[in-house]
Amino acid sequence: MTIEMEAHMRLIDVEIGRYDWASFECGCTKSAVHLAGDLRRLAEAQSEEEARALHIENHALIQSIPQPPAEAVASVLMAALAGELSPGARFVCLDLLGALVFNDGEYSEERCQEIARQGLWLLYRDVWAGASPGIVANAYYVLRAIETDEERLHAYRDSGRIKLPDYLTD
């Protein structure tokens, strides 16, 4: 493991350690304690298939509604996005973050949006230099939910540098 990868995993571990996962009821109706390890494995996944196989969305959300661990999951996802991830893991992290910031419920998409907003430039980096069209689209999707400066969002969208699917071009 390189120094950068080790530092990245420490970032994730510190963020995971900030939460009492056992105190959250998971979307699977058990304690969310297993999510800590699942999120770490997500950050280590080498492919989209490996990342999706963890089914984190079924624990942080039920029928697209955020569950008690949603805010903690959003926070760990942002820590993961701060470092190097495989393209598949990055795609899944952004996809899950999008689901958390575009939903309402008792466990507040507003708080998940605030968490994502703290990493605004990480998301712009993924829009600008995304490793795949899916990463660009997922990062832009999250930005549409959290960006408070519409002019900036449109400037990036209209820069000609990024390619977005038609459904994201407003």
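**Exercise 1. Aromatic pairs**

Determine how many aromatic pairs the whole structure holds, and characterise the pair of tyrosine 124 and tyrosine 156.

*Solution.* Step 1: apply the criterion, by which rings of Phe, Tyr and Trp (its six-membered ring) pair if their centres lie within 6.5 Å; planes under 30 degrees apart are stacked, those over 60 are edge-to-face and the rest are tilted. A search of the whole structure yields 7 aromatic pairs.

Step 2: examine the geometry. The ring centres of tyrosine 124 and tyrosine 156 are 4.4 Å apart and the planes stand at 45°, so this pair is tilted.

Step 3: locate the partners. Tyrosine 124 belongs to helix α8 and tyrosine 156 to helix α10 (residues 150-157), 32 residues apart, so that the pair links distant parts of the chain. Helices here are DSSP runs (H or I, at least four residues), as are strands (E, at least two), numbered from the N terminus.

Step 4: assess accessibility, where buried means under 20% relative accessible area, exposed over 50% and partly exposed in between (1.4 Å probe, protein chains only). Tyrosine 124 is buried at 2%, whereas tyrosine 156 is partly exposed at 23%.

Step 5: extend the search to neighbouring rings. Trp121, Tyr124, Trp128 and Tyr156 are linked by ring pairs into a cluster.

The model is predicted: local features need pLDDT of at least 70 and side-chain atom pairs count only at pLDDT 80 or more, while totals for chains, interfaces and linings use all residues. Residues are numbered from 1 along each chain as its sequence is written, and side-chain values use heavy atoms, with hydrogens and water left out.

**Exercise 2. Cysteines**

Establish how many disulfides the structure holds, and examine cysteine 26 and cysteine 112.

*Solution.* Step 1: with a disulfide defined as a pair of cysteine sulfur atoms within 2.5 Å, the count is 0.

Step 2: for cysteine 26, the closest cysteine sulfur is that of cysteine 28, at 3.6 Å, which is too far for a bond. Cysteine 26 is buried, at 2% relative accessibility.

Step 3: cysteine 112 is likewise in no disulfide, the nearest cysteine sulfur being that of cysteine 93, 14 Å away. Cysteine 112 is buried at 0% relative accessibility.

**Exercise 3. Helix α7 and the core**

Identify the buried residues of helix α7 and what covers them; then describe the largest nonpolar core.

*Solution.* Step 1: in helix α7 (residues 109-117), the buried residues are Glu109, Cys112, Gln113, Ile115 and Ala116. They lie on the same side of α7, because their arc around the axis is only 160°, taken from the directions from the helix axis to the C-beta atoms.

Step 2: their cover includes α5 (70-81), α6 (87-101), α8 (120-129) and α9 (133-146).

Step 3: a nonpolar core is a set of buried Ala, Val, Leu, Ile, Met, Phe, Trp, Tyr and Cys residues joined through side-chain atoms within 4.5 Å. The largest has 58 residues, of which Trp21, Val73, Leu97 and Leu100 touch the most other members. Helix α5 gives the largest share, 10 residues.

Step 4: apart from residues up to four places away in sequence, the contacts (heavy atoms within 4.5 Å) of leucine 100 include Glu109 and Cys112.

**Exercise 4. Positive phi**

State where glutamine 63 lies, and whether it is buried or exposed.

*Solution.* Step 1: glutamine 63 is in the loop between β1 (61-62) and β2 (65-66), and is exposed at 75% relative accessibility.

Step 2: although not a glycine, glutamine 63 has a positive phi of about 45°. Most residues other than glycine have a negative phi.
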